[in-house]
Amino acid sequence: MKAYIQAIAAKCSVAVSDWTQDQGCVDCTLGAASSVGGGRLARPKVDLQMKATTQQKRVEHAEYISWPLKISHYDQMRAPSPIPMVLAVLLLPAAVETSVEHTLEHILIRRCAFWVNMVGMPAVPEQDSKTVHLPKENVFSPDALTLMLDKVSRGAVSYTHLTLPTIYSVEIS
């Protein structure tokens, strides 16, 4: 799980904070040293809550990945924040020992993670848990991380269920 995030961040020249164990539902923060893309705000950041599973049959659907959250975690993650709170779910092969392959020519990480920004999601009254849907078009990739940080750097941080093409349509006044 950490290796996947470190690899994506390294490809983007983005720093990964020290990993915490659910400190405020944040496992780590990913941040750039300066503005990204055409943004004017320096040091854009994204908070990350990372989950992983080998149980793809339970969570993988045609259009999305489903992930149950305790309502207390859901509420913490959806709370208004100037920093996006991203939930990412890494799908691992059923045989975990095959998830990473290393040779003299490459390191291969099998499967991938999907993400959704939790900030601004609706309240869910009188429930113990909430299942969140992570759209399959939201692959947590170097391009996706760069575009997220570009959006933060541009000052447009209150987005939910953002798909990559909509990042380009943001207008800043």
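**Figure 1. Glycine 155 follows helix 4 in this predicted model.** The phi of glycine 155 is positive, near 90°. Helix 4 covers residues 142–153; helices (H or I, at least four residues) and strands (E, at least two) are DSSP runs, numbered from the N terminus. Residues are numbered from 1 along each chain as its sequence is written, and side-chain values use heavy atoms, with hydrogens and water left out. Because the model is predicted, local features need pLDDT of at least 70 and side-chain atom pairs count only at pLDDT 80 or more, whereas totals for chains, interfaces and linings use all residues; pLDDT is the predictor's confidence in each residue, from 0 to 100.

**Figure 2. Helix 4 is largely enclosed by the rest of the structure.** Nine of its 12 residues are buried, where buried means under 20% relative accessible area, exposed over 50%, and partly exposed in between (1.4 Å probe, protein chains only). Among the buried residues are Ala144, Leu145, Leu147 and Met148. The end C-alpha atoms of helix 4 are 16 Å apart, in agreement with the 16 Å expected at 1.5 Å a residue; the expected span is 1.5 Å times one less than the number of residues. Helix 4 lies across strand 2 (28–31), strand 3 (45–53), strand 5 and strand 8, and runs at about 150° to strand 3. For this angle, axes are lines fitted to C-alpha atoms, for helices over the stretch in contact, and angles run from 0 to 180 degrees between N-to-C directions.

**Figure 3. Five strands form an open sheet with mixed pairing.** The order of the strands is 1-2-3-5-8. Strand 1 (15–16) and strand 8 (113–117) stand at the edges with a single partner strand each, so one side of each is left without a neighbour in the sheet. Two strands pair if DSSP finds at least two bridges between them. Strand 5 (residues 85–91) and strand 8 run antiparallel and are joined by five bridges. Leucine 90 has alanine 113, in strand 8, as its bridge partner.

**Figure 4. Alanine 52 is found in strand 3.** This residue is partly exposed, with a relative accessible area of 33%. The C-alpha atoms of alanine 52 and valine 89 are separated by 5.4 Å, although the two residues are 37 residues apart along the chain. Leaving aside neighbours within four places in sequence, alanine 52 is in contact (heavy atoms within 4.5 Å) with Met1, Trp67, Leu90 and Leu92.

**Figure 5. Arginine 43 and glutamate 126 have positive phi values.** Most residues other than glycine have a negative phi. Arginine 43 has a phi of about 55° and lies in the loop between strand 2 and strand 3. It is exposed, with a relative accessible area of 52%. Glutamate 126, whose phi is near 55°, is found in the loop between strand 8 and strand 9 (129–135). Its relative accessible area is 85%, and glutamate 126 therefore counts as exposed.

**Figure 6. Cysteine 12 is buried, as is cysteine 25.** The relative accessible area is 17% for cysteine 12 and 2% for cysteine 25. A search of the whole structure finds zero disulfides, a disulfide being a pair of cysteine sulfur atoms within 2.5 Å.
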